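Colleague: I would like to go through the assignments in this model and hear what each rests on. Please start with the criterion for burial.

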Amino acid sequence: MSDTPDILTCTDLAIGHGKTVIMDRLNLSLAPGKILAIVGPSGCGKSTLMRALGGLDEPLGGKTTLMGVDLAAAHGQERQDILRQSGFLFQGAALFSSLTLRENIEMPMREFLKAPRKDIRQLAEYKLALVGLADAMDKLPSEISGGMAKRAGIARAMALDPAVIFLDEPSAGLDPLSSGRLDELILRLREAYGTTIVLVSHEIPSILRTADFCVYLDPDTGTMSAYGPPKGFLQAGNSPKVHAFFSQARFD
Amino acid sequence: MSHAPTGLPFARTEVLADGTALVTVGGSWKRDQPLPEIIIKGDQAKVVAEALTDFDSSLPAWLYAHFKNIRQLDLSALPVRLQSLVKMAEKASSEHAQSDHDGLLETFGNWGVESSGSWGRAFEHIGHTALGFLRMLVGRAKVNWGDFTLQLQTAGVDALPIVALLGFLTGLIMAYVGLIQLRQVGATVYVANLVSLAMTREMGALMTGIIACGRTSTAFASQLGSMNVSQETDALRALGINPIEYLALPRILAVTLMVPLLAVFATFIGVFGGMVVACAGDLSIEQYLTQAIRAISFKSFLVGFIKSIAFGFIAAWAGCYRGSVAKRSALGVGEAATSAAVLGITFIVIFDAIFAVIFNLFDL
C-alpha cells in the first residue's frame, strides 16, 4: 500500500473561528481505507479540524488535499464533486426535519443517481437496516431518540457510497450495544468498500477497536502533540499528557 | 474492487429438487443501472455468484430487499465481504415493520378527531392565557418583561411606517370612490363624513388588526414554533416555568396595548389620506376638516377603540397559540406561521361582524 497516494493530507494547517486561530502547525496524511480518530479535550477544535479536512470550512492557513485535489484551489463544480464523494455525520445528526428517515436517505440518491425509484428505495431501506433502523423508516426525526437520529445520520452519510466518511462523535448518546455495533459497521464498511473514515470521538474503547491512527489535539500548545496508532497512546512514552488522557478515559 | 464493468447485472432463479430456490447473481452491479427483478417462492433459498465482476452497495441492498423474509438463507457461496454486508443489515434490523396506510374512512375520521382536538387545544390555550393573566395580576406569574418591552418596540413602534402607508391609502381610496358617487348627487362635501366615520369605526381597527396578523402573528408563531423545535419550551417547563405565562403573556399584552394606539394613528392618517383626494379638486381643507370633526362622535371613537383592543388580542393570541402547538420540524414552523395569519385574520373578520351586531343592539 505504500505506493498508493494519500487520500487525505494537510500541511501546516491552521484552523479557528473567524480570525482567531485555535490550532495550527497541523500535518497529517492518511492512506485510503484507513481509519483516523481525532481526540482531545472539549473545545480544542476537533470538529473544526474535521470540517476543514472535509472541505466544509476554509482553513485559516496551510493546505489540505482530499482525494488528491487541493481544496483551496477547488471551486464550483470541482468542489461539489469532491464533497459528493465524502459523507458527513454532524454532531446533532442534522436530519431534514420535515422528511421521514427513508426520505432523508433517499434525498441525496434522488439528486445524484440515475437509478429507478424502486432501486433507490431498496438502497435506502438497506442503508437504514445496516444501522438498525429498519423498523423506523417512516418516522420523522422528531419522533425518534437522539441515538437513533445519530444512526440515521450515519446512514445518510453512507447514502452515496462515499470514498471518505467524516463522523462527528458517532457513538455519543448510543447505548454500549449500539455503540459496539457501530464500531463493527465502521470496520465492515472499510473492509467491504475500502472506505476511509475520519472520526471525532471521546470513546476511548471504541477508538482502540476501530482506529488505525489517532491524532491528539493539545489546547495548551495549540497544535497536535501526537500522531500514531492509538494503542501506542496507552503506553507511557512520548507524551505524558496524551497518556494521561487515554488512561483516564479508559478507566472512567 | 475491480473497476472494469463487463456486463449488466443479472439474476436468475431455479428450483432445486428439495424445494430450495437457487438464485444466481452476476455481472457488474452499479447503482446507476436498473437492477434485475426476481420472484422467489418458498422459504428456503441459496444464492451463488457467477461471473460477478464488480458491485457497490446496490447488490447487498438488492439481496437484503429480496431475501429479508426468507427463513433459511444460504449465502455461503458468495464472496465473504458481500456476505458480511448482507448479514450486517439482517442482524441490525429486527422484523421489518410494514407501514400502515389509512383508508378513506380512517383519513376522514382522523381529520375529525384531529380538528376537534385542535379546537380543544385552542380553548385550553385561551384558558391558560386568562389564568396566567390573573396570576400576573396577583404577582404569582413568571413573566418575561424583557420580551414585553421588546414587543412594544417591534410589534408597535416598528409597525408605524407600514400602518401609516396602508392607513393613508385606505383613506385615499375611500375618498376617491366616495367622490365619484357623491358628485352624482352634488353632495361631495359628505366625503369627509364618509372617510372619517369609516376610518374611526371600521377601517382603522380592521386594517391595523390585519397588519398585526401579517407582521406579528406570523413572527410569534415562528418564534415560539422554533423554540418548540429546539426544546426551549420543554426546558422552561422543566425549570417549573409556564411557557404560556413566560412567553405568550408578555407578547399578548404588548400587542393588545399597541394595536389600539396604532389603530388611532391609522385613523388619523386615513382621514388625512381622504383629505388629499377631496381637497385636490372638490373641497377646501377647512370644509373637509369641519365636516370630518362634526362626523366623528365619541361613540364612534369608542367603537373603533374597543374593536382594536380585541383585534390586537386576537392577532397576538393566534400567533402564540399556533407557535406553541407547532410540529417539531422546519415544515411545522412554516405551517404554524401560515395558520397563525389565517386564524388571526379569520377571527378578526368574524369578530368584526359580531361587534357590528352587538353595537347595533346597543345603539352605539
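Modeller: A residue is called buried if 20 or more other C-beta atoms lie within 10 Å of its own. Bear in mind that the model is predicted.

Colleague: What makes strand 3 of chain A mostly covered?

Modeller: Of its 5 residues, 5 are buried, so each has 20 or more other C-beta atoms within 10 Å of its own. Ile35(A), Ala37(A) and Val39(A) point one way from the strand, Leu36(A) and Ile38(A) the other way, and all are buried.

Colleague: How do you know that strand 3 of chain A pairs with strand 9 of chain A?

Modeller: Pairing takes at least two bridges. Strand 3 (residues 35-39) and strand 9 (residues 213-218) of chain A are joined by 4 bridges, so they count as paired. The two run parallel. Leu36(A) stands opposite Phe213(A), and Val39(A) stands opposite Tyr216(A).

Colleague: What makes strand 8 of chain A a partner of strand 3 of chain A?

Modeller: The same criterion of at least two bridges applies. Strand 8 (residues 196-200) of chain A is joined to strand 3 of chain A by 4 bridges, again in parallel, so this pair qualifies too. Here Ile38(A) stands opposite Val200(A).

Colleague: Which order do the strands of the open sheet take, and why are strand 6 and strand 10 of chain A at its edges?

Modeller: The order is 6-7-8-3-9-10 in chain A, with mixed pairing. Strand 6 (86-89) and strand 10 (223-228) of chain A each have a single partner strand, so one side of each is left without a neighbour in the sheet. From one strand to the next, the twist averages 15°.

Colleague: Which residues touch the most other members of the largest nonpolar core?

Modeller: Ile38(A), Leu128(A) and Leu133(A) do, in a core of 103 residues. Helix 4 (residues 117-130) of chain A gives the most to this core, with 7 residues. Beyond four places in sequence, the contacts of Leu128(A) include Leu101(A), Ile105(A), Leu133(A) and Met137(A).

Colleague: What makes the crossing of helix 3 and helix 10 of chain B a contact?

Modeller: Contact requires C-beta atoms within 7 Å. Ala122(B), His125(B), Ile126(B) and Thr129(B) of helix 3 of chain B meet Trp317(B), Tyr321(B) and Ser324(B) of helix 10 of chain B. By class, this contact has 4 nonpolar, 3 polar and no charged residues. The axes come within 10 Å and cross at roughly 115°, and the crossing is right-handed.

Conventions. Residues are numbered from 1 along each chain as its sequence is written. Chains are lettered from A and ligands numbered from 1 in the order in which they are written. This is a predicted model: local features need pLDDT of at least 70, side-chain atom pairs count only at pLDDT 80 or more; totals for chains, interfaces and linings use all residues. Axes are lines fitted to C-alpha atoms, for helices over the stretch in contact, and angles run from 0 to 180 degrees between N-to-C directions. A nonpolar core is a set of buried Ala, Val, Leu, Ile, Met, Phe, Trp, Tyr and Cys residues joined through C-beta atoms within 7 Å. A residue is buried if 20 or more other C-beta atoms lie within 10 Å of its own, exposed if 12 or fewer, and partly exposed in between; C-beta atoms are placed from the backbone. Two residues are in contact if their C-beta atoms, placed from the backbone, lie within 7 Å. A crossing is left-handed if the near helix is turned anticlockwise from the far one by less than a right angle, and right-handed if clockwise. Ala, Val, Leu, Ile, Met, Phe, Trp, Tyr, Cys and Pro count as nonpolar, Asp, Glu, Lys and Arg as charged, and the others, Gly among them, as polar.
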